[in-house]
Amino acid sequence: MPDALPVVAVLATGGTIAGAQADATSAGYKAGSFSVDDLLAAVPQLAGIARIRAEQVANVGSQNMTHDVWRALAARVDALCQDASVAGIVITHGTDTLEETAYFLSLVVRHDKPVVLVGAMRPATALGAEGPANLYNAVALARHAEARGRGPLVVMNEDIHYAREVQKIASAGLCAFSSPNRGRAGVMHGGAPKFYSRNATTHSTQSEFSLALLEKSGWPRVGIVYAHADLQADVIDFMASVCQGIVLAGVGDGNATDAAIAALTRAAAAGVAVARSSRTGSGLVARDVELDDAALGFIAAADLSPQKARILLMLGLSATRDPAALQHCFERY
Ligand code: SIN
């Protein structure tokens with residue numbers, strides 16, 4: 001392997017990309033069955049584009065992703081970003097919460113070095129498993145100069161997405177990732193990226209957040225309440241008793257039943273940060289449009305999905321409890 005090739009660190013966390021089935025055509029499988037070395041062995045072509053340094057950070061289905069794994073992952077990515085011999089970093093990840101990990105890292109790892117998250121919808125043992133091609137593209141992207149300064153990127157099915165924009169939009173099938181509000185960042189073509197846009201919001205080196213702030217504040221607890229017909233107040237009252245922040249995954253423009261809005265207003269008055277987002281999957285929840293956020297003490301989550309609004313509210317609360325300052329976070333990140 002030529003010494004001149006760039007070094008790319010591959011941090012594995014599990015997921016379907018490392019999943020195994022009983023046989024190659026069955027629908028069921030166990031995520032996180034194969035090790036990082038197994039994944040790399042399936043892509044011998046990587047030897048032609050990078051020197052790989054592999055590490056197993058976790059081996060879980062990403063439905064079991066935890067703040068503890070995020071802590072370990074962010075610290076490891078931070079250390080590798082400071083290692084001048086490493087050109088870029090790839091993280092293999094389950095697809096279910098991949099977008100959350102990507103967004104979290106985009107706000108706490110304050111470096112310019114390429115970080116690329118990648119997964120697969122088909123387990124490694126499936127007919128037509130796309131994990132090896134996705135992994136090849138991820139390494140090719142992580143070593144590429146044009147990936148620098150864009151924050152963590154996600155590569156799936158030859159599309160490149162920004163961490164803030166990407167969303168898993170389907171429970172099955174290869175076309176499961178999209179950036180519904182601002183579009184994909186670009187595509188991988190012949191092992192090289194073609195970018196269509198720059199990031200629209202603040203991230204990485206410009207972020208005010210950090211692991212240190214989170215540790216100091218004890219990782220503020222933020223829950224998500226999912227609005228639906230006849231949503232009652234009691235679930236929100238309970239959440240307000242155990243959380244420092246609540247994200248409403250609201251109907252339409254971030255709304256909910258009168259009973260739920262009254263409970264959220266009580267929570268906000270008691271000092272719980274309340275952010276309104278939409279369960280629709282795309283679009284903008286603007287301040288003081290559908291509801292009078294200023295009067296109710298709410299924050300409007302703009303075009304962040306509920307699951308990403310949870311992360312930003314947690315990080316915001318690690319720095320401030322002031323609703324105006326928290327609202328500003330949602331305009332900036
Ligand atoms: C997971 O998120 O770990 C399971 C689903 C997947 O990776 O596609």
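Which residues is Glu290 in contact with, leaving aside its neighbours within four places in sequence? Hold that thought. I will answer it right away, and then we will step back to the whole chain.

The answer is Asp253, Asn255 and Arg276. Take Asn255 from that list. Glu290 and Asn255 are 35 residues apart in sequence. In space, their C-alpha atoms are 7.3 Å apart. Where does Glu290 sit? Its place is in the loop between β13 (273-278) and α8 (293-296). Glu290 is partly exposed, because its relative accessible area is 39% and the partly exposed class runs from 20% to 50%.

One thing before we go on. This is a predicted model. Keep that in mind for everything I say.

Now the whole chain. The protein chain has 333 residues. It holds 10 helices and 14 strands. Along the principal axes, the C-alpha atoms fill a box of roughly 65 × 45 × 35 Å. The radius of gyration is 20 Å. A compact globule with 333 residues would have a value near 20 Å, so the two agree.

What about burial? Buried residues make up 53% of the chain. And the contacts? Take those between residues at least 6 apart in sequence. Of these, 71% join residues at least 24 apart. Glu290 and Asn255, at 35 residues apart, are one pair to remember here.

Next, the domains. The assignment gives two entries: domain 1 covers 2-204, and domain 2 covers 216-332. Their C-alpha centres lie 30 Å apart. How many residues of each domain are in contact with the other? On the domain 1 side there are 19, and on the domain 2 side there are 15.

Let us look inside. A search of the whole structure finds 3 cavities of 30 Å³ or more. The largest has a volume of about 100 Å³. It is lined by 16 residues. Closest to its centre are Tyr162, Arg164, Asn199, Thr201 and His203. Which helix gives the most to that lining? Helix α3, residues 98-108, with 3 residues. By class, the lining of the largest cavity counts 7 nonpolar, 6 polar and 3 charged residues.

The second largest cavity has a volume of about 50 Å³. Its lining includes Arg164, Glu165, Val166 and Gln167. Asn181 is there too, along with Asp303, Leu304, Ser305 and Lys308. Arg164 you have heard before, as one of the residues closest to the centre of the largest cavity. In this second lining, 2 residues are nonpolar, 3 are polar and 4 are charged.

So where does the second largest cavity lie, and why there? Both domain 1 and domain 2 give residues to its lining, so it lies between them.

Last stop: Ser85. Find it in the loop between α2 (67-82) and β3 (86-92). Ser85 is partly exposed, with a relative accessible area of 38%. Which residues does Ser85 touch, not counting those up to four places away in sequence? Val7 and Arg53. Now pair Ser85 with Gly218. They are 133 residues apart along the chain. Their C-alpha atoms are separated by 33 Å.

To wrap up, go back to our opening residue. Glu290 sits in a loop, is partly exposed, and is in contact with Asp253, Asn255 and Arg276 once its sequence neighbours within four places are set aside. Find these residues on the structure above. Thank you.

How values were computed
Residues numbered from 1 in each chain as written. Predicted model: local features only at pLDDT ≥ 70, side-chain atom pairs only at ≥ 80, totals over all residues. Heavy atoms only, no water. 1 Å grid on protein atoms, 1.4 Å probe; cavity = no way out; pocket = protein on both sides within 12 Å on 5 of 7 lines; lining within 4 Å. Points joined across faces, edges and corners; volume = space filled by probe spheres on them. Helix = DSSP H or I, 4+ residues; strand = E, 2+ residues; numbered from the N terminus. Nonpolar A, V, L, I, M, F, W, Y, C, P; charged D, E, K, R; others polar. Domains from an automatic or database assignment. Rg over C-alpha atoms; globule rule 2.2 N^0.38 Å. Buried < 20%, exposed > 50% of the residue type's maximum accessible area, 1.4 Å probe, protein only. Contact = heavy atoms within 4.5 Å.
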